[in-house]
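Here's a quick tour of the model you're about to see. Keep it open while you read, and follow along one topic at a time.

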Amino acid sequence: MSEQSDLFPAPAPKGPALVASKIEALRDQLNQWAHAYYVLDAPSVPDAEYDRLFQQLQALEGAYPDLVTPDSPTQRVIGAVMDGLTPVRHQVPMLSIRTETDTEATGAEAFDARVRRELKLAPDAPPVEYVAEPKFDGLAMSLRYERGRLVQAATRGDGEVGEEVTHNIRTIRQIPLTLPKDAPPVLEVRGEVYMRRADFERLNERQREQGGKTFVNPRNAAAGAVRQLDSGIAAQRPLSFFAYGVGEVEGAEFATHFELLEKLRSWGFPVAAQVQIARGATELIAFHQRIGAERDQLPYDIDGVVYKVNSLALQRQLGFVTREPRWAVAHKYPAQEMMTRVEGIDVQVGRTGKLTPVARLAPVFVGGVTVTNATLHNLFELRRKRVRVGDQVIVRRAGDVIPEVVGVVPAPRAGYVPNFRMPAQCPICGSSVVREPGEVNHRCSGGLFCPAQRKQAVLHFAQRRAMDIEGLGEKLVDQLVEGHVIRVLPDLFRLGLSSLSELDRMAEKSAQNVLDALQKSKRTTLPRFLFGLGIRHVGEATAKDLARHFGALDAIMDASVDQLLQVNDVGPVVAEAIHTFFAQPHNREVVEQLRACGVTWEEGEPQEGATLPLAGKTIVLTGTLPTLGRDEAKDLLEAAGAKVAGSVSKKTHYVVAGAEAGSKLEKAQALGIPVLDEDGLRALLAAGA
């Protein structure tokens, strides 16, 4: 349990005076949090923390009913009308439903047992029929239609009085402005305004680019958009809507809740596809488990499911208690956000060299597991969220996603706490840490030497377009690195038959094949070797340009930034990356060891000012050539200075087409671009030579 539990410990205090004091403290805290959530659209604690304190208050008030007051959070829906928005009194109150926080099967069983008890059903009576649906994490909304036209949209507010937001709701394309002729003359549709996850991510990205406020979660973003005075702002935020019920209705009757939802669907309202009828506790449990398994793949956030008695007659018979219907319950899933304390901030080095600050946390149960670490992404994100050691923070974990710190819970710090700073040297290998201009990520520059990057370095080095070491796949590399058989790239060429054949699923013949492939790969080309080193920003084309310009590896390793800038298509960022890489003694040592192991290539004279025969030409390859492989043809063209593109455009000079050429050939013919076969390609290369 995280430390925030000590703020309001669960055991009830002894004595009426202490109980009254505890109840008052709980009410004050819940009201503060609810005001931030419902009124300011700026939640300050996770829902699970609010629910925990709310249940404590319910338990104390249940044990001491004389202390219950009408203004207690347990007796009303908390909300307020925002300044500038018109109050709207709901004809039918918009009350919340009871929350079942037992995330296991017993939550559904307890609700079904309670319903059967209230209905006085015999043990052998048929199961009660329910409607089960997702519990959306958005903003409750009332849509009032008169004579088939949307005349008013209002938030829930305090359940009795909400805010008119019709001007903003009209911007949501999923909400019909007019209804079919068979719709009743008065229809109040209840539902949820929400924001899809992908839309939320795009909104936050745009906010960051524009230097604006980013949002904590999709619910916060949706609520903020709905309650704007300017509908132009709401129109810029991608909102969605699901209908799940009705309020006031004139001129229509329904027998069941499911029938009502199907009618809403026929009138043009979106209803969640997951909604289904469930009979008895067994089918409720199955629904809860199925939606829970699908939860992380849904395009929108949910925090549970809702069960409602299907028969509207039975709903009326069951009625309400205080602010909640007896005929419905929300059955939660394990909280995806919880509160805990930052005990330290460490740095992890990823397999690509990226340095990530990680919050070391007081253990907290979130997303179904106990979490002790959460990512802070990068230094800039850490500073933006103002996270420091000792802070109470909100941690989020959804499915298999890496836990992250969402934000800091506002509270005064006990004293001065220094800002976190990125280390100047890699904590794993001691190489210099660099950050390129315009980049947010810090990186270790010891790519060939750093143990954290070892697997990535080996896999990149061995790939087909680099050293082309056949058989050296990810599973084998995992065994070699994790078993400390290879620590640096040159160790690949020191492998013996016994060390390989002793590995899992590696027979002697397979081991010999890998050794043969390693031996064959020693004879390579300078561009392939350069590309295989994994220098940041150095792809195949840049590696070829470097080899062509300098002619020899030593000249590239010793080149200054200014000299590197003379290479075709090498700009300041790439030049700095190459210079930094070869300035690291560790990297130079690895290169020398590879040479000592027999890795070799042909070197030539520098071609600094030479003009290649196909320089400036853009050529597209498509289909299968009779004798030349795609990579071989690409190498020949690039060696002659041509740019090999992946798509045909008006800027394409030639298209080389083989068997089964598809749409690229058709587009070339439509644009009148010359089309060559393999013989034509060879003739073009020969003419250029």
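A helix's expected span is 1.5 Å times one less than its number of residues. Keep in mind that this is a predicted model. With that yardstick, helix H3 (residues 106-118) has 13 residues and reaches 18 Å from first C-alpha to last, close to the 18 Å expected.

**Helix H3**

- The buried residues here are Gly 107, Ala 108, Phe 111, Asp 112, Arg 114, Val 115 and Arg 116.
- Their cover includes three strands of the sheet described below, E3 (129-136), E10 (302-309) and E13 (328-332), along with strand E2 (98-100) and helices H9 (280-294) and H10 (312-318).
- Just after H3 comes Lys 120, with a positive phi near 55 degrees.

**The five-stranded sheet**

- The 5 strands make an open sheet with mixed pairing, in the order E2-E13-E10-E3-E9.
- At the edges sit E2 and strand E9 (276-279), and each of them pairs on one side only.
- From one strand to the next, the twist averages 35 degrees.
- As general background, strands of a sheet pair through backbone hydrogen bonds, either parallel or antiparallel.
- E3 and E10 run antiparallel and are joined by 7 bridges; within that pairing, Glu 133 stands opposite Val 306 in E10.
- E3 and E9 also run antiparallel, with 4 bridges between them.
- Looking at partners in E9, Ala 132 is bridged to Gln 276, and Tyr 130 is bridged to Ala 278.
- How enclosed is E3, and why? 7 of its 8 residues are buried, so E3 is largely enclosed by the rest of the structure.
- Helix H9 lies across E3, E9, E10 and E13, and runs at about 135 degrees to E9.

**Helix H5**

- Helix H5 (residues 197-209) has 13 residues and reaches 18 Å between its first and last C-alpha, close to the 18 Å expected.
- Asp 199, Phe 200, Leu 203, Asn 204 and Gln 207 are its buried residues.
- Why do they end up on the same side of H5? They cover an arc of only 135 degrees around the axis, which puts them there.
- The general rule behind this sort of spacing is that an α-helix has 3.6 residues a turn, so residues three or four places apart point the same way.
- Turn to the other side of H5 and you'll find Arg 202 and Glu 209 exposed.
- Helix H6 is part of what covers the buried residues of H5.
- H5 is followed by Gly 211, whose phi is positive, near 70 degrees.

**Nonpolar cores**

- The largest nonpolar core has 65 residues, and the ones touching the most other members are Met 141, Leu 143, Ile 169, Phe 241 and Phe 269.
- Helix H6 (residues 218-226) gives this core its largest share, 5 residues.
- Apart from this core lies another, of 54 residues, with Leu 489, Leu 564, Val 567 and Val 590 among them.
- Which residues does Phe 241 touch? Leaving out residues up to four places away in sequence, Phe 241 has contacts including Met 141, Leu 143, Ile 172, Ile 175, Val 189, Val 193, Tyr 194, Phe 269 and Pro 270.
- Gln 174, Gly 191 and Glu 192 also touch Phe 241.

Methods. Residues are numbered from 1 along each chain as its sequence is written. This is a predicted model: local features need pLDDT of at least 70, side-chain atom pairs count only at pLDDT 80 or more; totals for chains, interfaces and linings use all residues. Side-chain values use heavy atoms; hydrogens and water are left out. Helices (H or I, at least four residues) and strands (E, at least two) are DSSP runs, numbered from the N terminus. Buried means under 20% relative accessible area, exposed over 50%, partly exposed in between (1.4 Å probe, protein chains only). Contact means heavy atoms within 4.5 Å. A nonpolar core is a set of buried Ala, Val, Leu, Ile, Met, Phe, Trp, Tyr and Cys residues joined through side-chain atoms within 4.5 Å. Two strands pair if DSSP finds at least two bridges between them. Axes are lines fitted to C-alpha atoms, for helices over the stretch in contact, and angles run from 0 to 180 degrees between N-to-C directions. The arc is that of the directions from the helix axis to the C-beta atoms.
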